[in-house]
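Dear colleague,

Please find below the structure that I am handing over to you. My notes on what was found in it follow directly after.

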Amino acid sequence: MKIQSAVFEVSASALRSCPPPSLAEFAFIGRSNVGKSTLINLLAERKELAKVSAQPGKTRLINFFVINGAWRLVDLPGYGFAKGAKVERADFNVAVADYLEKRSNLLCTFVLIDSQLPPQRIDLDFIGWLAGCQVPFALLFTKTDKQPGQVQASIARFKKRLAELEIAEPECFPCSAVTKKGRAEILDFIERTVAPHLPSTAPKPPEESAPDDDSTDDGTGSVVW
Ligand code: GDP
């Protein structure tokens, strides 16, 4: 997929202030410093796109970007879990939990994992919560340029932990902003996933006995989920 346009749309502090669910959405989330802003900029080929999300007051907000006028890239604030007690619901940010649980047009959540680290409890807890809510997700292993020889072992270790937790194995993408590894694969995945949800742009063949002005087609090209 070629990125022709990437436009910041809005920041939302709650599910009710998110834009209308008219476009398919792909969300990105991870712990602070995992490389989320860098990866978003790499995908969109815009140096400063994710900078919007880092502006004061915006780091706890859900930031929406419209890509190619066809789908939204959603930059979610990072997560953290209450220490100790088992969490029933992610309490990192009510708005984010609400968004992930209830957003009807969210097609996939990309969870970013630092490929240099052993599996982290906080990432596993979050993924466990996501899987429990039946939110579709994929894993992006970041910074693979740093220890290229270790990446496959790191991914295998993470998958093993997921299997132990009885979490179905998700799609995994190794990626690096330095080598651009993973960019094409992630965009291909998005393209494949979004295709059935795009409003049809193909011209319709003329109908033989088309009604004059009271066609049942409302012509809005609205998307059905
Ligand atoms: P965020 O807090 O998750 O948005 O993380 P950033 O995108 O700000 O990245 C955190 C740090 O990791 C920065 O110093 C980036 O330059 C660095 N970084 C991000 N992605 C990569 C990568 O693919 N390779 C390397 N070597 N460094 C990266």
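**Helix α1 and its surroundings**

Helix α1 (residues 36–44) is largely enclosed by the rest of the structure, because seven of its nine residues are buried. Please bear in mind throughout that this is a predicted model. The buried residues of α1 are Lys36, Leu39, Ile40, Asn41, Leu42, Leu43 and Ala44. Their cover includes the strands β1 (6–12), β2, β4, β5 and β6, together with the helix α6 (183–194). After α1 comes Glu45, which has a positive phi, near 55 degrees.

**Overall organisation**

The protein contains six helices and seven strands. Read from the N terminus, these elements follow the order β-β-α-α-β-β-α-β-α-β-α-β-α. Of the 225 residues in the protein, 43% are buried. Among contacts with a separation of 6 or more, 75% are between residues 24 or more positions apart. The accessible surface of the protein is about 12,200 Å², and carbon and sulfur atoms account for 52% of it.

**The nonpolar cores**

The largest nonpolar core comprises 32 residues. Leu76, Tyr99, Leu100, Val111, Ile127 and Leu139 have the most contacts inside it. Two or more residues of this core come from each of β2 (24–30), β3 (62–67), α3 (94–102), β5 (106–114), α4 (121–132), β6 (137–142) and α5 (151–164). A second core, separate from this one, has 30 residues, including Ala6, Leu43, Phe65 and Phe189.

Val111 illustrates how the largest core is put together. Leaving aside residues up to four places away in sequence, Val111 touches Ile29, Tyr79, Phe126, Ile127, Leu130, Phe137, Ala138, Leu139 and Leu140.

In α3, the buried residues are Ala95, Val96, Ala97, Asp98, Tyr99 and Leu100. Among the elements that cover them are β2, β3, β4, β5 and α4.

**Three buried residues**

Pro77 is located in the loop between β4 (71–75) and α3. Its relative accessible area is 4%, and therefore Pro77 counts as buried. Which residues does Pro77 touch, not counting those up to four places away in sequence? They are Ile29, Thr59, Arg60, Leu61, Ile62, Asn93 and Val96. In addition, the C-alpha atoms of Pro77 and Arg31 are 8.6 Å apart in space, while the two residues are 46 residues apart in sequence.

Thr144 sits in the loop between β6 and α5. With a relative accessibility of 6%, Thr144 is also classed as buried. Beyond residues up to four places away in sequence, Thr144 touches Ser115, Val151, Pro174, Cys175, Ser176 and Lys181.

Ser154 belongs to helix α5. Ser154 is buried, since its relative accessible area is 4%. Not counting residues up to four places away in sequence, Ser154 touches Ser115 and Leu117. With Ser115 there is a polar pair: a polar atom of the Ser154 side chain lies 2.9 Å from the backbone oxygen of Ser115. Ser115 thus appears among the residues touched by Thr144 as well as among those touched by Ser154.

**The ligand site**

Which residues come nearest to the ligand? Of the 14 residues around the ligand, these are Asn33, Ser37, Thr38, Asp145 and Ala177. By class, the shell consists of three nonpolar, six polar and five charged residues.

Several oxygen contacts of the ligand can be listed individually:

- Asn33: a polar backbone atom is 2.8 Å from an oxygen atom of the ligand.
- Val34: a backbone N or O atom is 3.2 Å from an oxygen atom of the ligand.
- Thr38: an N or O atom in the side chain is 2.5 Å from an oxygen atom of the ligand.

On its own, the ligand has 570 Å² of accessible area, and the protein covers 68% of that area.

**Points to look at in the viewer**

You may wish to begin with α1, seven of whose nine residues are buried, and then turn to Val111 and its contacts with residues including Ile127 and Leu139. From there, the ligand may be examined through the backbone of Asn33 and the side chain of Thr38.

With kind regards

Technical notes. Residues numbered from 1 in each chain as written. Predicted model: local features only at pLDDT ≥ 70, side-chain atom pairs only at ≥ 80, totals over all residues. Heavy atoms only, no water. Core = buried A, V, L, I, M, F, W, Y, C linked by side-chain atoms within 4.5 Å. Buried < 20%, exposed > 50% of the residue type's maximum accessible area, 1.4 Å probe, protein only. Helix = DSSP H or I, 4+ residues; strand = E, 2+ residues; numbered from the N terminus. Contact = heavy atoms within 4.5 Å. Near = heavy atom within 4 Å. Polar contact = N/O pair within 3.5 Å; in protein donor to acceptor, adjacent residues only side chain to side chain. Areas by Shrake-Rupley, 256 points an atom, 1.4 Å probe, with all protein chains shown as cover. Nonpolar A, V, L, I, M, F, W, Y, C, P; charged D, E, K, R; others polar.
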